[in-house]
Amino acid sequence: MEPPAPRRRVTIVDVARHAQVSTTAVSKVLRNAYGASPEMRAKVRRAIDELGYRPHAGARGLRGQTYTIGVMLPDIRNPFFPEVLDGITHALEDTEYQVLLGPGCNGEKAEARITEAMIDRGMDALILIAPVSPRPHLERVASAVPTVVVGRHGSSPAYDTVVNDDVEGAFLVVGHLAGLGHRRIAHIEHLETDPTRLAEMPNARRADGYRQAMRAHGLAEWIDVVSTSYTQEGGHLGTKELLDRPHPPTAVFAGADVVAMGVLEAVTEAGLSVPDDISVAGYDNTTFAALGPISLTSVDQAGHEIGRNAARLVLERITDRSRPTVQVSLSPALVPRRTTARPPGWAGDRSEKRESRDGATEPARESPL
(Lines give C-alpha, C1' and ligand atoms only; values in the text may rest on other atoms or scores of the structure.)
Protein backbone atom coordinates (compact mmCIF):
# COMPACT_ATOMS: atom_id res chain seq x y z
CA MET A 1 0.00 0.00 0.00
CA GLU A 2 1.43 3.34 -1.02
CA PRO A 3 1.79 6.00 1.68
CA PRO A 4 -0.63 8.92 1.38
CA ALA A 5 0.64 11.90 -0.55
CA PRO A 6 1.92 14.70 1.71
CA ARG A 7 -0.58 17.43 2.33
CA ARG A 8 0.07 20.61 0.33
CA ARG A 9 1.22 23.53 2.47
CA VAL A 10 -1.38 26.28 2.84
CA THR A 11 -0.12 29.51 1.27
CA ILE A 12 -0.92 33.19 1.65
CA VAL A 13 -2.79 32.96 -1.65
CA ASP A 14 -5.08 30.30 -0.14
CA VAL A 15 -5.75 32.54 2.86
CA ALA A 16 -6.56 35.50 0.60
CA ARG A 17 -9.02 33.45 -1.48
CA HIS A 18 -10.69 31.99 1.63
CA ALA A 19 -11.06 35.42 3.22
CA GLN A 20 -12.00 37.02 -0.12
CA VAL A 21 -9.34 39.72 0.23
CA SER A 22 -6.12 40.50 -1.60
CA THR A 23 -2.77 38.91 -0.76
CA THR A 24 -1.56 42.43 0.11
CA ALA A 25 -4.26 42.64 2.78
CA VAL A 26 -3.22 39.29 4.23
CA SER A 27 0.41 40.43 4.27
CA LYS A 28 -0.54 43.60 6.16
CA VAL A 29 -2.39 41.59 8.79
CA LEU A 30 0.52 39.16 9.20
CA ARG A 31 2.95 42.05 9.62
CA ASN A 32 0.56 43.96 11.89
CA ALA A 33 1.06 46.83 9.47
CA TYR A 34 -0.92 50.04 9.13
CA GLY A 35 -3.83 50.07 6.68
CA ALA A 36 -5.80 46.96 7.63
CA SER A 37 -9.22 47.66 9.13
CA PRO A 38 -10.46 45.71 12.18
CA GLU A 39 -13.02 43.96 9.99
CA MET A 40 -10.35 42.89 7.48
CA ARG A 41 -8.08 41.70 10.29
CA ALA A 42 -10.91 39.60 11.71
CA LYS A 43 -11.65 38.02 8.29
CA VAL A 44 -7.99 37.19 7.68
CA ARG A 45 -7.47 35.79 11.17
CA ARG A 46 -10.54 33.62 10.80
CA ALA A 47 -9.28 32.30 7.46
CA ILE A 48 -5.86 31.58 8.96
CA ASP A 49 -7.45 29.59 11.79
CA GLU A 50 -9.82 27.68 9.51
CA LEU A 51 -7.09 26.73 7.01
CA GLY A 52 -4.35 26.12 9.56
CA TYR A 53 -2.00 28.50 7.76
CA ARG A 54 1.58 28.77 9.08
CA PRO A 55 4.01 31.37 7.68
CA HIS A 56 7.03 29.81 5.98
CA ALA A 57 10.04 30.95 8.01
CA GLY A 58 12.51 30.28 5.20
CA ALA A 59 10.55 32.37 2.72
CA ARG A 60 10.16 35.14 5.26
CA GLY A 61 13.91 35.10 5.82
CA LEU A 62 14.50 35.59 2.10
CA ARG A 63 12.31 38.69 2.32
CA GLY A 64 14.40 40.00 5.22
CA GLN A 65 12.33 39.02 8.27
CA THR A 66 11.74 35.69 10.01
CA TYR A 67 9.55 36.89 12.92
CA THR A 68 11.77 35.07 15.40
CA ILE A 69 13.51 36.55 18.43
CA GLY A 70 16.41 34.68 19.96
CA VAL A 71 16.65 34.64 23.75
CA MET A 72 19.90 33.57 25.37
CA LEU A 73 19.63 32.17 28.90
CA PRO A 74 22.88 31.89 30.88
CA ASP A 75 21.75 28.98 33.07
CA ILE A 76 18.55 27.00 32.53
CA ARG A 77 18.79 25.62 36.08
CA ASN A 78 18.38 29.03 37.72
CA PRO A 79 14.65 29.36 38.50
CA PHE A 80 14.70 33.14 38.11
CA PHE A 81 15.29 33.13 34.37
CA PRO A 82 11.94 31.46 33.51
CA GLU A 83 10.29 34.45 35.22
CA VAL A 84 12.01 36.76 32.73
CA LEU A 85 11.14 34.43 29.86
CA ASP A 86 7.48 34.45 30.90
CA GLY A 87 7.47 38.24 30.70
CA ILE A 88 9.00 38.14 27.22
CA THR A 89 6.60 35.56 25.82
CA HIS A 90 3.58 37.25 27.41
CA ALA A 91 4.52 40.58 25.80
CA LEU A 92 4.90 38.92 22.39
CA GLU A 93 1.79 36.72 22.45
CA ASP A 94 -0.32 39.14 20.39
CA THR A 95 2.40 39.58 17.75
CA GLU A 96 3.68 37.35 14.95
CA TYR A 97 7.00 36.87 16.72
CA GLN A 98 8.13 33.55 18.16
CA VAL A 99 10.83 33.07 20.79
CA LEU A 100 13.66 30.59 20.26
CA LEU A 101 15.94 29.80 23.20
CA GLY A 102 19.67 29.17 23.39
CA PRO A 103 21.82 28.29 26.43
CA GLY A 104 24.76 30.60 27.09
CA CYS A 105 26.19 28.28 29.77
CA ASN A 106 27.77 31.22 31.67
CA GLY A 107 30.78 31.26 29.36
CA GLU A 108 32.13 33.67 26.74
CA LYS A 109 32.81 30.96 24.12
CA ALA A 110 29.38 29.37 24.54
CA GLU A 111 27.72 32.78 24.32
CA ALA A 112 29.64 33.62 21.15
CA ARG A 113 28.56 30.32 19.55
CA ILE A 114 24.91 30.76 20.40
CA THR A 115 24.67 34.43 19.42
CA GLU A 116 26.45 33.79 16.12
CA ALA A 117 24.15 30.83 15.42
CA MET A 118 21.09 33.00 16.06
CA ILE A 119 22.39 35.70 13.73
CA ASP A 120 23.28 33.13 11.05
CA ARG A 121 19.74 31.76 11.18
CA GLY A 122 18.29 35.16 10.42
CA MET A 123 16.59 35.93 13.73
CA ASP A 124 15.12 39.41 13.71
CA ALA A 125 16.43 40.39 17.14
CA LEU A 126 18.17 39.04 20.23
CA ILE A 127 17.51 39.34 23.96
CA LEU A 128 20.60 38.41 25.95
CA ILE A 129 19.98 37.67 29.61
CA ALA A 130 22.91 38.41 31.95
CA PRO A 131 25.58 37.82 29.29
CA VAL A 132 29.19 37.51 30.49
CA SER A 133 30.72 38.42 27.11
CA PRO A 134 32.93 41.51 26.86
CA ARG A 135 31.19 44.70 25.83
CA PRO A 136 32.93 44.82 22.40
CA HIS A 137 31.40 41.42 21.55
CA LEU A 138 27.94 42.57 22.68
CA GLU A 139 28.28 45.69 20.55
CA ARG A 140 29.32 43.62 17.52
CA VAL A 141 26.21 41.48 18.00
CA ALA A 142 24.05 44.60 18.32
CA SER A 143 25.55 46.04 15.13
CA ALA A 144 24.37 42.95 13.25
CA VAL A 145 20.88 42.57 14.75
CA PRO A 146 18.64 44.58 17.13
CA THR A 147 19.69 43.58 20.64
CA VAL A 148 18.48 44.10 24.20
CA VAL A 149 20.76 43.16 27.09
CA VAL A 150 19.12 42.18 30.38
CA GLY A 151 20.98 42.38 33.69
CA ARG A 152 24.05 44.35 32.61
CA HIS A 153 24.42 47.76 34.23
CA GLY A 154 25.98 50.66 32.37
CA SER A 155 24.98 51.88 28.94
CA SER A 156 25.99 51.43 25.33
CA PRO A 157 25.19 53.32 22.13
CA ALA A 158 24.67 49.95 20.43
CA TYR A 159 22.04 48.15 22.54
CA ASP A 160 19.19 48.77 25.00
CA THR A 161 19.38 47.46 28.57
CA VAL A 162 16.95 46.41 31.28
CA VAL A 163 18.24 46.06 34.85
CA ASN A 164 17.11 45.92 38.43
CA ASP A 165 18.58 48.31 41.01
CA ASP A 166 20.79 45.64 42.58
CA VAL A 167 22.53 48.01 44.99
CA GLU A 168 19.16 49.07 46.39
CA GLY A 169 18.13 45.40 46.62
CA ALA A 170 21.18 44.63 48.75
CA PHE A 171 20.39 47.62 50.97
CA LEU A 172 16.89 46.22 51.51
CA VAL A 173 18.26 42.87 52.68
CA VAL A 174 20.93 44.30 54.99
CA GLY A 175 18.51 46.86 56.39
CA HIS A 176 15.97 44.13 57.11
CA LEU A 177 18.50 41.90 58.87
CA ALA A 178 20.10 44.77 60.79
CA GLY A 179 16.63 45.90 61.87
CA LEU A 180 16.05 42.44 63.34
CA GLY A 181 19.20 42.87 65.42
CA HIS A 182 21.77 40.99 63.33
CA ARG A 183 25.34 42.23 63.22
CA ARG A 184 27.31 39.32 61.82
CA ILE A 185 25.65 39.36 58.39
CA ALA A 186 27.59 37.49 55.71
CA HIS A 187 27.15 37.54 51.95
CA ILE A 188 27.70 34.79 49.36
CA GLU A 189 28.58 36.28 45.99
CA HIS A 190 29.35 34.95 42.53
CA LEU A 191 33.10 35.13 41.96
CA GLU A 192 33.97 37.88 39.50
CA THR A 193 37.41 39.08 38.38
CA ASP A 194 36.90 40.83 35.02
CA PRO A 195 36.97 44.64 35.55
CA THR A 196 34.08 45.34 33.19
CA ARG A 197 31.88 42.63 34.70
CA LEU A 198 32.76 43.89 38.19
CA ALA A 199 31.24 47.20 37.15
CA GLU A 200 28.25 45.86 35.21
CA MET A 201 27.10 42.42 36.37
CA PRO A 202 24.23 42.16 38.88
CA ASN A 203 26.12 39.80 41.19
CA ALA A 204 28.96 42.33 41.53
CA ARG A 205 26.49 45.17 42.12
CA ARG A 206 24.76 43.18 44.87
CA ALA A 207 28.06 42.45 46.60
CA ASP A 208 29.01 46.11 46.36
CA GLY A 209 25.59 47.10 47.69
CA TYR A 210 26.03 44.69 50.61
CA ARG A 211 29.34 46.35 51.57
CA GLN A 212 27.87 49.82 51.25
CA ALA A 213 24.84 48.87 53.33
CA MET A 214 26.93 47.28 56.08
CA ARG A 215 28.96 50.48 56.36
CA ALA A 216 25.81 52.60 56.32
CA HIS A 217 24.43 50.61 59.27
CA GLY A 218 27.69 50.89 61.22
CA LEU A 219 28.55 47.23 60.64
CA ALA A 220 31.77 47.62 58.62
CA GLU A 221 33.78 45.44 61.01
CA TRP A 222 31.42 42.51 60.35
CA ILE A 223 31.63 42.61 56.55
CA ASP A 224 32.17 39.00 55.45
CA VAL A 225 31.97 37.94 51.80
CA VAL A 226 32.47 34.43 50.44
CA SER A 227 33.00 34.12 46.68
CA THR A 228 31.63 30.95 45.11
CA SER A 229 29.06 30.73 42.30
CA TYR A 230 25.39 31.49 41.74
CA THR A 231 24.42 27.82 42.03
CA GLN A 232 23.00 25.60 44.75
CA GLU A 233 26.42 24.00 45.10
CA GLY A 234 27.99 27.43 45.46
CA GLY A 235 25.60 28.27 48.30
CA HIS A 236 26.35 24.95 49.99
CA LEU A 237 30.12 25.37 49.80
CA GLY A 238 30.00 29.01 50.85
CA THR A 239 27.88 28.24 53.90
CA LYS A 240 30.18 25.44 55.03
CA GLU A 241 33.05 27.92 54.88
CA LEU A 242 31.07 30.49 56.88
CA LEU A 243 30.03 27.98 59.55
CA ASP A 244 33.69 27.01 60.03
CA ARG A 245 34.51 30.57 61.12
CA PRO A 246 35.47 31.05 64.80
CA HIS A 247 32.49 33.39 65.00
CA PRO A 248 30.04 32.29 62.29
CA PRO A 249 27.39 34.72 61.04
CA THR A 250 23.91 34.89 62.49
CA ALA A 251 22.51 35.76 59.07
CA VAL A 252 23.44 34.95 55.47
CA PHE A 253 22.48 37.07 52.48
CA ALA A 254 22.63 34.78 49.44
CA GLY A 255 23.05 36.63 46.15
CA ALA A 256 20.34 34.55 44.46
CA ASP A 257 17.53 32.24 45.56
CA VAL A 258 19.26 29.26 43.96
CA VAL A 259 22.27 30.04 46.18
CA ALA A 260 19.96 30.25 49.21
CA MET A 261 18.82 26.68 48.53
CA GLY A 262 22.39 25.53 49.04
CA VAL A 263 22.61 27.63 52.20
CA LEU A 264 19.53 25.96 53.66
CA GLU A 265 20.94 22.55 52.78
CA ALA A 266 24.29 23.24 54.49
CA VAL A 267 22.65 24.67 57.60
CA THR A 268 20.52 21.53 57.96
CA GLU A 269 23.57 19.29 57.47
CA ALA A 270 25.32 21.17 60.27
CA GLY A 271 22.48 20.31 62.66
CA LEU A 272 21.26 23.90 62.82
CA SER A 273 17.87 25.35 62.04
CA VAL A 274 16.56 28.35 60.15
CA PRO A 275 15.79 30.91 61.49
CA ASP A 276 16.35 29.87 65.12
CA ASP A 277 20.12 29.46 64.71
CA ILE A 278 20.75 31.43 61.54
CA SER A 279 18.65 33.65 59.26
CA VAL A 280 18.78 33.31 55.48
CA ALA A 281 17.73 35.76 52.78
CA GLY A 282 17.85 35.31 49.02
CA TYR A 283 17.41 37.40 45.91
CA ASP A 284 14.98 36.99 42.97
CA ASN A 285 11.78 35.96 44.79
CA THR A 286 11.42 32.89 42.61
CA THR A 287 8.33 30.70 42.78
CA PHE A 288 9.85 28.19 45.18
CA ALA A 289 10.77 30.97 47.64
CA ALA A 290 7.07 31.33 48.42
CA LEU A 291 6.50 27.59 48.95
CA GLY A 292 5.28 26.94 52.49
CA PRO A 293 8.05 24.53 53.58
CA ILE A 294 10.72 26.98 52.35
CA SER A 295 9.18 30.43 52.94
CA LEU A 296 12.38 32.24 51.96
CA THR A 297 12.83 35.94 52.60
CA SER A 298 13.89 37.33 49.24
CA VAL A 299 14.17 40.42 47.07
CA ASP A 300 11.58 40.64 44.32
CA GLN A 301 13.22 42.13 41.24
CA ALA A 302 10.10 41.70 39.11
CA GLY A 303 11.39 39.16 36.62
CA HIS A 304 8.16 39.22 34.62
CA GLU A 305 8.36 43.00 34.34
CA ILE A 306 12.01 42.79 33.28
CA GLY A 307 11.02 40.41 30.48
CA ARG A 308 8.07 42.55 29.42
CA ASN A 309 10.29 45.62 29.12
CA ALA A 310 12.93 43.67 27.20
CA ALA A 311 10.31 42.53 24.67
CA ARG A 312 8.92 46.06 24.32
CA LEU A 313 12.37 47.51 23.70
CA VAL A 314 13.34 44.84 21.18
CA LEU A 315 10.15 45.44 19.15
CA GLU A 316 10.84 49.17 19.17
CA ARG A 317 14.44 48.51 18.10
CA ILE A 318 13.27 46.30 15.22
CA THR A 319 11.01 49.13 14.04
CA ASP A 320 13.66 51.85 14.36
CA ARG A 321 17.31 50.77 14.40
CA SER A 322 18.54 54.37 14.55
CA ARG A 323 16.76 55.63 17.65
CA PRO A 324 18.87 56.43 20.77
CA THR A 325 19.41 53.49 23.09
CA VAL A 326 17.31 53.18 26.23
CA GLN A 327 18.26 52.04 29.73
CA VAL A 328 15.40 50.80 31.94
CA SER A 329 16.07 50.37 35.67
CA LEU A 330 13.41 48.76 37.86
CA SER A 331 13.08 49.12 41.63
CA PRO A 332 13.24 46.00 43.83
CA ALA A 333 11.06 45.15 46.83
CA LEU A 334 11.81 43.01 49.87
CA VAL A 335 9.47 40.11 50.62
CA PRO A 336 10.04 39.01 54.26
CA ARG A 337 9.15 35.41 55.07
CA ARG A 338 9.94 32.84 57.76
CA THR A 339 13.66 32.32 57.09
CA THR A 340 14.59 35.58 58.82
CA ALA A 341 14.05 36.40 62.50
CA ARG A 342 15.83 37.86 65.54
CA PRO A 343 19.34 36.49 66.08
CA PRO A 344 19.90 33.84 68.77
CA GLY A 345 20.04 35.37 72.24
CA TRP A 346 18.74 38.73 71.08
CA ALA A 347 17.81 40.77 74.13
CA GLY A 348 16.23 43.89 72.67
CA ASP A 349 13.36 45.84 74.12
CA ARG A 350 10.30 43.61 74.11
CA SER A 351 8.11 46.61 73.37
CA GLU A 352 9.98 47.33 70.16
CA LYS A 353 7.92 47.06 66.99
CA ARG A 354 8.90 45.31 63.80
CA GLU A 355 7.51 45.37 60.30
CA SER A 356 5.05 42.70 59.29
CA ARG A 357 4.80 41.30 55.75
CA ASP A 358 2.25 43.88 54.66
CA GLY A 359 4.26 46.83 56.06
CA ALA A 360 2.18 47.25 59.24
CA THR A 361 3.77 46.96 62.66
CA GLU A 362 3.26 44.27 65.22
CA PRO A 363 4.87 43.40 68.57
CA ALA A 364 8.36 42.00 68.21
CA ARG A 365 8.76 38.28 68.80
CA GLU A 366 11.99 36.80 70.06
CA SER A 367 13.42 33.63 68.58
CA PRO A 368 13.73 30.70 71.02
CA LEU A 369 17.01 30.84 72.89
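## Close-up views of a predicted model

**View 1. I127 and the residues around it.** In this predicted model, let's start at I127, which touches I69, G70, V71, M72, I88, V148, V150, A310, A311 and V314, leaving out residues up to four places away in sequence. I127 also belongs to the largest nonpolar core, a group of 27 residues. Together with I129 and V162, I127 is among those with the most contacts inside this core. Six elements each give two or more residues to the core: the strands β1 (68–73), β3 (125–129), β4 (147–150) and β11 (327–330), plus the helices α5 (81–92) and α13 (303–319). There is also a second, separate core, with 20 residues, including A186, L264, V267 and A289.

**View 2. Strand β5, covered on both faces.** How many of the five residues of strand β5 (residues 160–164) are buried? Five of the five are, so the strand is largely enclosed by the rest of the structure. Look at one side of β5 and you will find D160, V162 and N164; T161 and V163 sit on the other, and all of them are buried. β5 has strand partners too. Three bridges join β5 to β4, and the two run parallel; here V148 has D160 as its bridge partner. β5 also pairs with β11 in the parallel sense, over four bridges, and N164 is matched with L330 in β11.

**View 3. An open sheet of four strands.** Follow the strands across this open sheet and you meet them in the order β7-β6-β8-β9, with parallel pairing. The edge strands are β7 (224–228) and β9, each of which pairs on one side only. On average, neighbouring strands here are turned by 20° against each other, direction ignored. Inside the sheet, β6 (residues 185–190) and β8 (residues 251–254) pair over four bridges in the parallel sense. One residue to find here is H187, whose bridge partner in β8 is F253.

**View 4. Two helices on the sheet.** Helix α12 (residues 257–269) packs on the sheet and touches β6, β8 and β9. The direction of α12 makes about 150° with that of β8. Helix α11 (residues 232–243) lies across β6, β7 and β8, and α11 runs at about 140° to β7.

**View 5. T286, a residue in a loop.** Find T286 in the loop between β9 (279–281) and β10 (298–300). Is T286 buried or exposed? T286 counts as buried, because its relative accessibility is 1% and the cut-off for buried is under 20%. Setting aside neighbours within four places in sequence, T286 is in contact with P79, F80, E83 and D257.

How values were computed:
Residues numbered from 1 in each chain as written. Predicted model: local features only at pLDDT ≥ 70, side-chain atom pairs only at ≥ 80, totals over all residues. Heavy atoms only, no water. Core = buried A, V, L, I, M, F, W, Y, C linked by side-chain atoms within 4.5 Å. Buried < 20%, exposed > 50% of the residue type's maximum accessible area, 1.4 Å probe, protein only. Contact = heavy atoms within 4.5 Å. Pairing = 2+ DSSP bridges. Axes fitted to C-alpha atoms, helices over the stretch in contact; angles between N-to-C directions.
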